[in-house]
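This report describes one protein model, its ligand shell and its nonpolar core.

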Amino acid sequence: MVMPLTIRGFRVFQGYLDSPAQEALVAGLREVARQAPFYAPVTPSGKPMSVRMTSAGRLGWVTDRGGYRYQAHHPEGMAWPPIPETVLDIWRAVSGVSRDPDCCLVNYYAEGARMGMHQDKDEGQFEWPVVSISLGDEGLFRMGNVARGGKTESLWLRSGDVVVMGGEARLAHHGVDRIRFGSSRLLPKGGRINLTMRVVDQGKTEQQPSSP
Ligand SMILES: O=C(O)CCC(=O)C(=O)O
Ligand SMILES: [Mn+2]
């Protein structure tokens, strides 16, 4: 097992997945996207995000005019497909916890896409780590603090890198400033995929209609 680099509590396993493992993940994600197509999310204020998104697992993370939340179905209505075993295997190997994640959010960064600094905080409990897997083009990952602002450190995440955000890094701000479009040949159309696995119990989930 690769020894992680620790930056501000973010544990970065560089080169965790070799090419065949990356290819296997992409094949699994193709099946996820076939069942739950990538869509263009908008923030609660109505601003389009530059990434395209889908999810796998019991719950998916979504954003629209109704807010940031987890819900059991894709915006087009279908249930989310299961998280591929190849993806769960990585969680089981690096998360250090004995339960599986509820959600695997899949972000696709085409040329020019980015993600602003934010915290992952819709999950309700923060004792579980978040595990992120990068595939395809390199992305400049910025790591900050639990409080907004202050000093940050950046690192280029490459295809096959895995990041564990736990402990002090669990609620730290982070984002992706830019990608180096065309830096990897893994994805036929280029771009970057990031998978983010999270445990969601009692998180900010869609209100179920109360029974009459
Ligand atoms: O793309 C990345 O590396 C990070 C994605 C992320 O932070 C998120 O989806 O919450
Ligand atoms: Mn995040």
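## Confidence, ligand shell and core

In this predicted model, the mean pLDDT of the protein (the predictor's confidence in each residue, from 0 to 100) is 95, and 96% of the residues reach 70 or more. Over residues 207–212 pLDDT stays under 50, and the model has zero contacts for them beyond four places in sequence; two residues are in contact if their C-beta atoms, placed from the backbone, lie within 7 Å.

Residues are numbered from 1 along each chain as its sequence is written, and chains are lettered from A and ligands numbered from 1 in the order in which they are written. As the model is predicted, local features need pLDDT of at least 70 and side-chain atom pairs count only at pLDDT 80 or more, while totals for chains, interfaces and linings use all residues.

Around ligand 1 there are 13 residues (C-beta atom, placed from the backbone, within 6 Å), of which Asn107, Asp120, Val176, Asn194 and Thr196 come nearest. The strands below (DSSP runs of E, at least two residues, numbered from the N terminus) each supply at least two residues of this shell.

| Strand | Residues |
|---|---|
| β6 | 103–109 |
| β8 | 130–136 |
| β9 | 138–143 |
| β12 | 174–180 |
| β13 | 192–198 |

The largest nonpolar core (buried Ala, Val, Leu, Ile, Met, Phe, Trp, Tyr and Cys residues joined through C-beta atoms within 7 Å; buried means 20 or more other C-beta atoms within 10 Å) has 49 residues, and Cys103, Cys104 and Val106 have the most contacts inside it. Strand β6 gives the largest share of this core, six residues. Beyond four places in sequence, the contacts of Val106 include Leu29, Met53, Ile193 and Leu195.

Notes:
Helices (H or I, at least four residues) and strands (E, at least two) are DSSP runs, numbered from the N terminus. A residue is buried if 20 or more other C-beta atoms lie within 10 Å of its own, exposed if 12 or fewer, and partly exposed in between; C-beta atoms are placed from the backbone.
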